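Let's take a relaxed tour of this protein, from its inside to its surface. Have a look at the structure first, then read on.

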Amino acid sequence: MVKHIILWTLKPELQGAEKQQVIDGMRTHLEGLKGQVPGLVDIHVYGGTAALASSNADVMLDSTLESAEALQAYAVHPAHVHVADTYVRPFTALRSCLDFEM
């Protein structure tokens, strides 16, 4: 099993209700990839109003995949690419990633 964790900082011009709407869209569409992408075991998105003031990122993706090969396939899977290009990349200023075997 492989853990794929992403932290995003959203663009600074996103504030208030608009920022929360973007986070909600990210959550809905990224979590919706479960069952569409082979090898994707679990996926959750956290952030928005649940984040404490001590946070220095806006959104976290916590996903589990069957293997490193499944992670590579996930990265280029058309459903994932569509979600990333439509609901994530246009709104993010900074991305950090940690992938590791469990």
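## Contacts and the core

Before we start: two residues are in contact when they have heavy atoms within 4.5 Å of each other. Also keep in mind that this is a predicted model.

So which residues is M26 in contact with, leaving aside its neighbours within four places in sequence? The list runs W8, L10, E31, V45, V59, Y87, V88 and T92.

M26 also shows up in the largest nonpolar core, which has 23 residues. Along with W8, L30, L33, L61 and Y74, M26 is among those with the most contacts inside that core. Several elements each give two or more residues to this core: β1 (2–10), α1 (16–31), β2, β3, α2 (68–76) and α3 (78–88).

## M60 on strand β3

Now find M60, which sits in strand β3 (residues 59–65). Is M60 buried or exposed? Its relative accessible area is 26%, and buried means under 20% while exposed means over 50%, so M60 counts as partly exposed.

Not counting residues up to four places away in sequence, M60 touches I5, I6 and L7, plus H44, V45 and Y46.

## V41 and the surface patch

Next up is V41, part of strand β2 (residues 40–47). V41 is partly exposed too, because its relative accessible area of 32% falls between those two cut-offs. V41 and M60 are 19 residues apart in sequence, and their C-alpha atoms are 17 Å apart in space.

V41 also helps form a nonpolar patch on the surface, together with M1, L98, F100 and M102. Added up, the patch has about 460 Å² of accessible area.

Note on methods. Residues are numbered from 1 along each chain as its sequence is written. This is a predicted model: local features need pLDDT of at least 70, side-chain atom pairs count only at pLDDT 80 or more; totals for chains, interfaces and linings use all residues. Side-chain values use heavy atoms; hydrogens and water are left out. Helices (H or I, at least four residues) and strands (E, at least two) are DSSP runs, numbered from the N terminus. Buried means under 20% relative accessible area, exposed over 50%, partly exposed in between (1.4 Å probe, protein chains only). Patches are made of residues with over 30% relative accessible area and no salt bridge: like charges are joined within 9 Å, nonpolar side chains (Val, Leu, Ile, Met, Phe, Trp, Tyr) within 5 Å. Accessible areas come from the Shrake-Rupley method with a 1.4 Å probe; for residues, only the protein chains shown count as cover. A salt bridge is a side-chain nitrogen of Lys or Arg within 4 Å of a carboxyl oxygen of Asp or Glu. A nonpolar core is a set of buried Ala, Val, Leu, Ile, Met, Phe, Trp, Tyr and Cys residues joined through side-chain atoms within 4.5 Å.
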